[in-house]
Amino acid sequence: MAAIGLTHFLVVSLLVFLAGMFCVLTRRNAIGILMGVELILNSANINYLAFARYSSGNYDGQMFAIFVIMLAAAEAAIGLAIVLGIYQTFHTIDVDATDTLRL
Amino acid sequence: MHEMTHEAITAVSYLRWVVLLPLLGAVVNGLGGAWIQKRFGKGAISFLACTPVLGAFAFAVAGFLHLRSMPAESRVLLDHLFAWIHVGSLNVDVAFQLDPLSAVMILIVTGVGGLIHIYSTGYMHDDPAYWRFFAYLNLFTFAMLTLVLGDNMLLMFVGWEGVGLCSYALIGFWYSEWANASAGSKAFIVNRVGDFGFMLGTFLLFWSLSDAGHPTLVFREIVDYVPLIEGYQFGGFAAVTVITLLMFVGATGKSAQIPLFVWLPDAMAGPTPVSALIHAATMVTAGVYMIARLSALFVLAPATLDVIAVIGAATALFAATIGTTQNDIKKVLAYSTVSQLGFMFIAMGAGAFAVGVFHLMTHAFFKACLFLGSGSVIHAMHHEQDMRKMGGLKKWMPQTYWTFVISTLAIAGIPFFSGFISKDEILWKAYSSGHTFVWLAGLCAAALTAFYMFRLVYMTFEGECRADHHTQEHIHESPLSMTAPLMILAFLAATAGVLNWPHALFGGSAFSNWLAPVLEHGGAHDAHATVHAGGEHAVETIEYALMVVSVAIALAGIFVARAVYGTKTLSPDTVADLAGGKIYRTVYNKYYVDELYEATVVNGTLALTRLSAWFDSNIIDGIVNGSALVVRMVSWVNGQFDKYVVDGMVNGVASATSFFGGRVRRLQTGSINAYLYVIVLAVIGAMVAQVL
């Protein structure tokens, strides 16, 4: 069995991404969609760190990963605030019910 | 001669105040009168109105004394204000000229005018538009003074029109009654006819003088240069004859002679002081003044002088006959004024200009007194003017009565009153210049004058009072402000004759001598010479004989009036019924002259109006409506193009957008999952496309 290399990280990242994508596409619950988005973001983080470790010699990848985490925190805050707003207006967080902008 | 005249002129600067003071009064009262009357009362208005006229009188007296102190041949004062019109060869200045003739006129205008102003403060006292009356009266005084003091034809014309305007405004002073307003319009329109003649005459005169190389409208220069145009012709007639006839047309309008006299009797609609000032003493004499002023021109046209004499005599007689039948006290005096103006024109026509101007002056005194006396009566009778409802008034109004009688004696030609001196002189001049028929007509008019004036006195002041009981109780003598002017005027009416006491009565004809430097001596002079051929003694005999005849005939008129209206030995009805009453009715209805004008001039004008209206409504309106129709059709086509082509394109774009928008709208589902699917599929599609 070979030592753990770049490919292993990329496979993990792909699995996480697909799980997130699946979650986003199938959930009708707004919170579930937000969770899926978090998974997608973290799969991107794994990619950054893996490429940073195995390709270049500098810390650019790590820097971007920190930015993404920060961005994810902000996104979660705003997303949850929107979800709360939706719940107050529609008394549900089912995204299929919030189609009043449709003509 | 031209140069000489100019050297003889003395320049002064006070003459302008004679003219400007009344203007100042008119402006102050005209613009601020309503406020002043409300704030300070009618006394302030009276003060503001009378002071300028009395001030002007003071300046007039000063000017007169100044003239008297100068040698007779150079008696001209000139007050040059400013250059007015200087265009090409036409040079007209605003300048006032005082010479013996205008001195007489301004003394009459400001003197008699001042008395009438004072009288008006009493007569108009209860009128709410008190200030307006005095503003007009001052404006009239200003215009009349401009007329007589202006040193050229144009300035005279300004005054000429100005007095016409004020006359119009004052005749219609009580304009809320239709009859008064229309009387004002009638006066103005009839005067316009005359003014047209006057203007044409002025133009022709200027034209002729320009042809002669001396374009001028200044009186002093006209006098010098008119001999140059004596031989000129207009359409086969002598130019001077055409010019003077046109100017005489103007005089017939302003001075109410045949055929333009019709406005003056109607002008009695105005307040009585106005009748006295404008329609007896001053404005109506403007025509006489104008002829005297241009006497140098008129003597060159003997044919015109004959026309003037005949028209004057006809008017004198004609108006006197109407005067005998009228029952309105002011109408009698109005026709009397027309008749007396006729006498003045007889004098003018006979070439005796000074005598005519003298009659103008004495007439101003006694006729102003008569009118103001009648005003006093009307005031006492609560604006009753019908003499049939008067009678016996001397009991209540002794001062009015006596002043009235004195003036009546003057106008009737009773010896040694002013009217006798002036009228007798006119008749003598008419006779001695060979106008025998004119003299005869004048004599008859004089007899009728004596008759109708005493008829007036008997009907108004003598006998029993025929007014109703209520009116009788309120009859009273007028206040001092009204009786004082009456007394002064009556005094002048009685004594003014001494100013021109004739040679035949051992006088000096001072008035005629005073005017001699200004006036020409026309036909009378030559004819006088022919009478003179019989010897000095024979002339005097004839003059005495004529004097006796005219006195006798005046007395006859008075006795007839006394017999009919005083002692009633002769019933007026028997006189009226002569010839089946037809004569009486014709005269009573003023010979139907108004009806004649109504039928010809007025209806002719109305017919022309109707023709114009028809032309307007059918031809002009047809053209207008036709062009409107064409425009409407063009714009209809335009509208259709706009509606279907232009709007169609705009609407087409809009509906196409709407159609495609409706299709594309389906994409917007509002479902987040659907959007995500699209995004993912698109990304996958893009990646696949990249790889391939």
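What follows is a conversation between a trainee and a mentor about a predicted model with chains A and B.

Trainee: What makes up chain A in terms of helices and strands?

Mentor: Chain A has three helices and zero strands. Along the sequence the pattern reads α-α-α.

Trainee: Why is chain A called more spread out than a compact globule?

Mentor: Compare two values. The radius of gyration of chain A is 17 Å, while the globule rule gives 13 Å for 103 residues. The value of chain A is well over that of the rule, so chain A is described as more spread out than a compact globule. For the extents, the C-alpha trace spans about 55 × 30 × 20 Å along its principal axes.

Trainee: How many of the residues of chain A count as buried?

Mentor: Of its 103 residues, 9% do. The cut-off for that word is 20 or more other C-beta atoms within 10 Å.

Trainee: Why is A:L80 called partly exposed?

Mentor: A:L80 sits in helix α3 of chain A, which covers residues 60-90. Its count is 13 C-beta neighbours inside 10 Å. Exposed would need 12 or fewer and buried 20 or more, so 13 puts A:L80 in the class between, partly exposed.

Trainee: How far from A:A44 is A:L80?

Mentor: Their C-alpha atoms are separated by 21 Å, and the two residues are 36 apart along the chain.

Trainee: Which residue in the segment after α3 has a positive phi?

Mentor: That is A:H91, found in the segment after α3 of chain A. Its phi is about 55°, although A:H91 is not a glycine. Most residues other than glycine have a negative phi.

Trainee: Why is A:H91 called exposed?

Mentor: A:H91 has 8 other C-beta atoms within 10 Å. The limit for exposed is 12 or fewer, so A:H91 meets it.

Trainee: What is the phi of B:H383, and where does that residue lie?

Mentor: The phi of B:H383 is near 60°, again positive in a residue other than glycine. B:H383 lies in the loop between α16 (353-380) and α17 (398-412) of chain B. With 8 other C-beta atoms within 10 Å, B:H383 is exposed by the limit of 12 or fewer.

Trainee: Which peptide bond is cis?

Mentor: The bond from B:I258 to B:P259 is cis, with omega near 5°. B:P259 is in the loop between α9 (239-254) and α10 (263-266) of chain B. Most peptide bonds are trans.

Trainee: Why are α16(B) and α18(B) called roughly antiparallel?

Mentor: The two helices, of which α18 covers residues 418-432, pack at an angle of about 150°, with axes 9 Å apart. Angles over 145 degrees count as roughly antiparallel, so the pair falls in that class. The crossing of α16(B) and α18(B) is left-handed.

Trainee: Which residues form the contact between α16(B) and α18(B)?

Mentor: From α16(B) they include B:F358, B:F365 and B:F366, and from α18(B) they include B:I426 and B:K429. By class, this contact of α16(B) with α18(B) has five nonpolar, five polar and three charged residues.

Trainee: How many residues of chain B are in contact with chain A?

Mentor: Ten residues of chain B are in contact with nine residues of chain A. On the chain B side there are four nonpolar, five polar and one charged residues.

Definitions and conventions
Residues are numbered from 1 along each chain as its sequence is written. Chains are lettered from A and ligands numbered from 1 in the order in which they are written. This is a predicted model: local features need pLDDT of at least 70, side-chain atom pairs count only at pLDDT 80 or more; totals for chains, interfaces and linings use all residues. Helices (H or I, at least four residues) and strands (E, at least two) are DSSP runs, numbered from the N terminus. Two residues are in contact if their C-beta atoms, placed from the backbone, lie within 7 Å. Ala, Val, Leu, Ile, Met, Phe, Trp, Tyr, Cys and Pro count as nonpolar, Asp, Glu, Lys and Arg as charged, and the others, Gly among them, as polar. The radius of gyration is taken over C-alpha atoms; the globule rule is 2.2 Å times the number of residues to the power 0.38. Axes are lines fitted to C-alpha atoms, for helices over the stretch in contact, and angles run from 0 to 180 degrees between N-to-C directions. Angles under 35 degrees count as roughly parallel, over 145 as roughly antiparallel, 65 to 115 as roughly perpendicular and the rest as oblique. A crossing is left-handed if the near helix is turned anticlockwise from the far one by less than a right angle, and right-handed if clockwise.
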